[in-house]
Amino acid sequence: MMEAWLCWLTPICGALLTPILARLGHKVRDYGAVVFSLLAALFASRLIPIAVEGKIIWERYGWMPIPGAPVYVGVLVDPLSVIMANVVSWISFLIMLYSLEYMHGEPGLTRYWFLMNFFIGNMLLLVLSDNLLQMFFGWEGVGLCSYGLIGFWYRDDRKYWVGTPPDEYPPSHSGMKAFITTRMGDVGMLVAMLAIYSYSGTFSIPELQSNTMWASTLMESGLLTPILLLMLLGPIGKSAQFPLHEWLPEAMAGPTSVSALIHAATMVKAGVYLVARIAIIAASLTHIIGFESFHTFFIVVAWIGGFTAFLAATQAMVARELKKVLAYSTISQIGYMMLALGAAGITANFVEGLTAGIFHLVSHAVFKASLFLASGAVLHVCETKYMDEMGGLRKYMPVTFTSMLIAALSLSGVPPLLGFWSKEAVLKVCFETGDVALFVLSAATAAITFFYSLRMISITFLYPKSKHLEELEAEGLHIHEVSPIMWIPYCLLAFSTLILGVLGRLVEEFFHESLSHIIAAGHLEAVVESHGVGFDPSIASLLASVSALVIGGLPGYWFYVARRGDPYSIVEGSVILKAVWRFLWNRWYINRLYYILFVNIPISLAKIMNRWIEVGFFNGLQYGVSLITLRLAILVDRFMEVGFFNNLQYGVAELIARICRSSRYLQTGSLNINMYQVSIILIIILLILLVSMGVL
Amino acid sequence: MSLPILIQAVLTPIVLAPIVYLAGRRLSHHVGWLAFAILIHSTAMILMVAGSEYLEVYSWVPRMGWDIGFKLDGLSLPFALNIAVLSTVIAVYSIPYMEHRIGDRPGEYGSYYALYLLYAAGMLGAVLATDLVEFYIFYELMLIPSYLLIARWGYGERERIAFMYFLWTHIGALALLASIVAVYWVTGATSIEVVKTILRNTRIPFQLEAGMATAMLVGFLVKMAVLGLHVWLPHAHAEAPTPISALLSPAMIGIGGYGVIRIALSFFPRFFTAYSLPIALWAFLTMLYGGLMALSQDDIKRLLAYSSISQMGYLLFGISSVNMLGVSGSILHYLSHGLGKGILFMIAGILIMQTELRSISRMGGLASKMPLTALSTLIGFLTLIGLPTTSGFISEWMIFGGVIRSSLASGSMDKLIVAILGLLATMLTAGYGLWTVRRVFFGSIPKHLEEVREGSVIALTPIIALAILTFVIGVYPAPILDRLTQTVMLSLNLG
């Protein structure tokens with residue numbers, strides 16, 4: 001399966017060649033980069049027959065020789081990875097094409113093309129990996145590219161800042177924030193991967209599916225759910241789900257092409273992909289350890305998804321920046337995907353849940369990439385990030401307007417566009433879980449989605465021309481439609497959301513058909529009874545979709561399209577609405593809280609510790625010890641050395657001196673005294689002689 | 001008798017040091033190339049026999065049964081390789097740096113490089129030694145030249161700091177000597193292999209074993225500067241001449257870790273198994289503390305010094321797992337940290353040379369002026385953070401995999417929690433690393449730095465060489481890993 005290897009290797013080689021191609025000239029470098037991404041897409045499409053036939057191909061070679069538990073490098077080509085690889089590579093190619101014009105003339109383009117191709121390669125590596133460790137390489141690789149590309153304008157010129165004061169952040173800060181926040185999730189994921197590895201001795205996904213020992217051991221020790229939840233932290237971070245979602249709005253500081261590719265269409269889906277893989281592994285283990293053992297995990301997944309969908313959608317209602325609306329919307333829509341995958345596990349109807357999740361993933365990738373690219377064109381023309389400084393663009397940019405309208409309607413789930421079918425599928429599996437609260441939450445999110453989509457389109461395109469634009473025109477700037485190389489990619493994407501939408505059911509059937517090949521044969525389809533409250537899930541979800549459109553669409557139309565009421569004055573007029581607005585505008589205060597908890601507190605803690613523990617205690621202790629030693633030496637000097645030893649020495653000397661002094665008369669040289677001495681000695685000798693001779 | 005190859009690698013720099021000193025008078029700063037050539041020879045000697053296990057033994061004091069031996073096996077290979085490669089490339093890096101530091105006092109170049117060679121040989125000898133006495137001598141041999149290097153060409157209160165450095169590490173060495181004497185008294189041998197066999201086969205009272213092991217551990221941990229024994233490190237590493245910092249942090253302190261694994265762990269496995277949790281906790285606190293301290297620094301070299309303390313915590317963390325995966329991870333981490341921190345200290349030196357600054361808060365926006373330096377800094381920090389495709393990831397996943405495996409195997413929930421906390425502490429590395437990159441290289445350029453230019457080619461080449469190496473090991477670690485894991489498994493009897 002050469003194509004699978006080449007698929008991810010080609011863009012990485014392309015990335016590494018970028019600096020060399022840059023030497024040959026700018027044109028060579030730019031077009032070369034696009035060609036490499038096209039090659040990856042072509043290789044990916046060569047894999048499609050495998051998905052259609054439902055085959056699974058698995059190849060691997062030795063990599064890290066850990067005794068007893070070797071690690072391999074390999075590819076796993078199955079319908080899921082093929083679908084992902086094609087979505088990633090084709091959308092990437094279109095965005096690379098768009099970049100040719102969009103990034104034209106920017107400084108640092110070698111860096112841009114390097115990171116873009118490196119990203120594509122790593123993303124394809126991620127989806128085609130046969131094992132978790134290798135997947136982690138891709139996982140962190142895309143994170144690194146995301147970091148580099150968010151901070152592409154690292155000089156932090158004012159015009160590239162994201163947000164509104166006081167919550168305004170420069171690109172280099174935003175990139176760092178993204179990296180560190182996602183990294184926090186990756187830590188959990190790494191723990192889980194390593195724990196599973198300790199039990200199973202493998203990272204390989206097919207082996208984890210076939211070898212069930214690890215799961216039963218984990219279950220017996222009560223660690224299965226904790227480990228899976230730790231694993232979930234990775235996807236939560238990467239896919240910007242609550243509680244690690246706060247990095248994605250700031251990620252909009254990067255070039256719009258980057259936002260489209262990394263922060264809408266592909267990288268942020270990596271988490272969904274991994275959860276889908278976990279769901280597949282879980283599905284193949286259910287006949288051994290029962291699906292109940294995974295129940296808690298999937299409930300958490302579903303609720304995180306459902307809650308995030310709602311949380312982010314509410315924030316999109318009040319956003320001022322065009323790209324921020326889309327960013328919140330991305331977080332919200334990924335929540336839907338997670339919800340579908342969670343529902344898959346709750347109902348144990350893995351095929352249907354997986355289909356809904358992946359279907360929505362694909363449809364979102366298409367329409368959101370289109371939306372982002374179109375918004376890039378708008379930003380390019382208007383030279384502002386705020387929607388309220390645009391307005392009236394319908395007249396000047398009709399192509400962009402049409403494309404963006406179609407994509408936004410698809411996002412809102414308006415039939416017969418692709419988004420309608422995928423969202424309906426999600427709502428359907430959500431209904432089947434029997435969790436009414438979750439279902440209501442996701443239906444409400446659908447309503448909000450339509451509302452903010454209408455708001456976004458209206459303020460940008462339908463409102464009267466803003467002062468800012470008039471000023472621009474006064475300065476002699478001509479507001480005009482962008483060039484075809486820019487609009488072709490997003491129109492193509494918008495067009496496909498329309499075409500695929502018309503074929504909606506067939507597309508869903510295709511996903512259902514090919515994904516069911518992966519789920520082990522003979523597994524428990526609908527073993528669990530549908531918890532539906534006596535309702536047919538299809539009818540319930542259809543009803544919910546339609547009523548959401550009505551509930552969200554009417555006020556949206558009333559306020560923003562027909563402009564019968566002024567939303568600003570209504571909000572200003574009511575204390576409660578004003579409070580709600582402020583709450584949503586401040587992102588539920590979660591962002592602020594995180595800055596306090598994870599930035600301010602650790603840094604102040606570090607400073608305090610530096611002052612009191614490092615300098616105060618440790619250095620103080622060291623100086624204290626040396627000081628005490630010194631003092632001790634001085635004391636010893638005074639009392640022992642001077643007091644005792646010296647005095648002893650002087651004492652001895654004095655004694656000797658005294659003896660000498662008293663005996664010095666012996667040495668006077670006076671003959672009289674000498675004669676006395678001679679007489680005394682003679683007497684002594686005489687006495688000794690007498691004693692020795694025995695006389696005495 | 002095998003060919004005298006490793007002994008050449010160690011003794012040539014020692015023997016030629018006086019000649020380098022004399023040549024320095026004539027050649028001025030060019031004498032660095034001579035030192036470089038000598039170290040290239042040492043590196044080549046090591047690479048020549050790196051293919052398989054290689055042992056040379058020479059009789060030294062026959063009456064005492066002391067041999068002098070040099071052994072290159074899977075365990076000492078990553079250490080020897082790191083020391084040889086780092087000291088070789090940093091010899092080149094020293095040429096522009098010491099020219100900047102010493103200026104036109106040509107007499108000093110000779111003594112700098114002579115001491116440099118002695119220092120490198122001391123480190124190399126320590127990791128290749130097969131005998132405890134021999135190990136101890138080399139262990140002290142690396143102390144004295146580095147003391148002089150700091151005292152003579154350091155910054156700030158260099159004499160006082162060098163003295164402090166000497167005292168601390170010497171106290172550590174004395175604790176080590178005490179336990180070597182005790183081991184000799186118990187076993188009657190000094191050869192590491194012989195002592196190991198004797199200790200494995202005799203049942204000595206656990207208290208005695210614990211006493212010897214503690215003394216030894218403390219001796220080595222002073223060198224590794226784990227929390228509580230770290231006081232000397234930030235001073236010494238921050239104020240040493242930068243090329244020496246780039247050897248102290250990445251190459252020397254990790255030798256403490258080598259000692260723990262090669263000597264303490266292989267002599268006293270029971271002790272390490274029994275005290276696995278406290279050691280893991282100590283390691284975790286070191287990681288956390290070093291990281292937090294790094295976060296609060298403004299002086300770039302001090303920041304890197306604290307980061308080294310934190311990274312030594314990882315080494316000890318892996319050792320605390322007492323299994324093949326974790327210990328191999330630790331050994332590999334010595335190499336990863338060596339590469340990453342080697343890059344970063346050399347970068348700090350380039351910043352000092354080009355901007356005359358050490359304070360991070362006075363820098364900013366340098367990426368456009370020094371793109372290669374910025375890229376290398378990022379690579380250095382990513383290696384420390386443990387991003388996949390850098391060698392840092394391979395070692396980090398093995399360390400944490402080892403600890404998690406050991407905690408699951410022993411069923412100890414406390415240890416699992418410490419493992420998770422340990423991984424969380426890696427967030428701090430990401431925090432101070434990327435924050436430093438941002439503060440130094442991104443944003444707008446302050447006025448006083450507008451004239452800054454990229455570092456010289458001679459200074460950048462060693463950095464790029466290390467950067468390439470970190471990717472090579474990160475993507476294809478098999479050649480090192482293969483022998484490393486085998487040796488750890490067989491020679492330490494770890495599973």
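Let me start with the crossing of H6(B) and H7(B), which is right-handed, and I should say at once that what we are looking at is a predicted model. Helix H6 of chain B covers residues 143-153 and helix H7 of chain B covers residues 158-187, and the two pack with their axes 8 Å apart, at an angle of about 165°. An angle over 145° counts as roughly antiparallel, and therefore H6(B) is described as roughly antiparallel to H7(B).

Which residues in H6(B) meet H7(B)? They are Leu143(B), Tyr147(B), Ile150(B) and Ala151(B). On the side of H7(B), the residues they meet are Arg158(B), Glu159(B), Ile161(B), Ala162(B), Tyr165(B), Phe166(B), Thr169(B), His170(B) and Ala173(B). Sorted by class, this contact between H6(B) and H7(B) is made of nine nonpolar, two polar and two charged residues.

Let me now step back to chain B as a whole, which has 20 helices and two strands. Taken along the principal axes, the C-alpha atoms of chain B fill a box of roughly 70 × 55 × 40 Å. For a chain of 495 residues, a compact globule would have a radius of gyration near 23 Å, and the 21 Å of chain B agrees with that. Of the 495 residues in chain B, 63% are buried. If we take the contacts in chain B between residues at least 6 apart in sequence, 82% of them join residues that are at least 24 apart.

One residue of chain B deserves a closer look, namely Ala225(B), which has a phi near 60°, a positive value in a residue other than glycine. Ala225(B) sits in the loop between helix H9 (206-224) and helix H10 (232-239) of chain B. Is Ala225(B) buried or exposed? With 29 other C-beta atoms within 10 Å, Ala225(B) is buried, because the cut-off for being buried is 20 or more such atoms.

Chain A offers a residue to set beside it, since Arg563(A) is not a glycine and yet has a positive phi of about 55°. Arg563(A) lies in the loop between helix H24 (537-561) and helix H25 (567-573) of chain A. Arg563(A) has 14 other C-beta atoms within 10 Å, so it is classed as partly exposed.

Staying with the backbone of chain A, I would also point to two peptide bonds. The bond from Pro165(A) to Pro166(A) is cis, with omega near 5°, and Pro166(A) is found in the loop between H6 and H7 of chain A. The bond from Pro415(A) to Pro416(A) is cis as well, with omega near 5°, and Pro416(A) belongs to the loop between helix H18 (398-412) and helix H19 (418-432) of chain A.

Finally, let me turn to where the two chains meet, with 40 residues of chain A in contact with 40 residues of chain B. On the side of chain A that touches chain B, the elements giving two or more residues are strand S1 (57-64), helix H6 (132-150), helix H7 (171-200) and helix H27 (590-663) of chain A. Which element gives the largest share of that side? It is H7(A), with 15 residues. By class, the residues on this side of chain A divide into 26 nonpolar, eight polar and six charged.

Note on methods: Residues numbered from 1 in each chain as written. Chains lettered and ligands numbered in written order. Predicted model: local features only at pLDDT ≥ 70, side-chain atom pairs only at ≥ 80, totals over all residues. Contact = placed C-beta atoms within 7 Å. Helix = DSSP H or I, 4+ residues; strand = E, 2+ residues; numbered from the N terminus. Nonpolar A, V, L, I, M, F, W, Y, C, P; charged D, E, K, R; others polar. Rg over C-alpha atoms; globule rule 2.2 N^0.38 Å. Buried ≥ 20, exposed ≤ 12 C-beta atoms within 10 Å, placed from the backbone. Axes fitted to C-alpha atoms, helices over the stretch in contact; angles between N-to-C directions. Parallel < 35°, antiparallel > 145°, perpendicular 65-115°, else oblique. Left-handed = near helix turned anticlockwise from the far one by under 90°.
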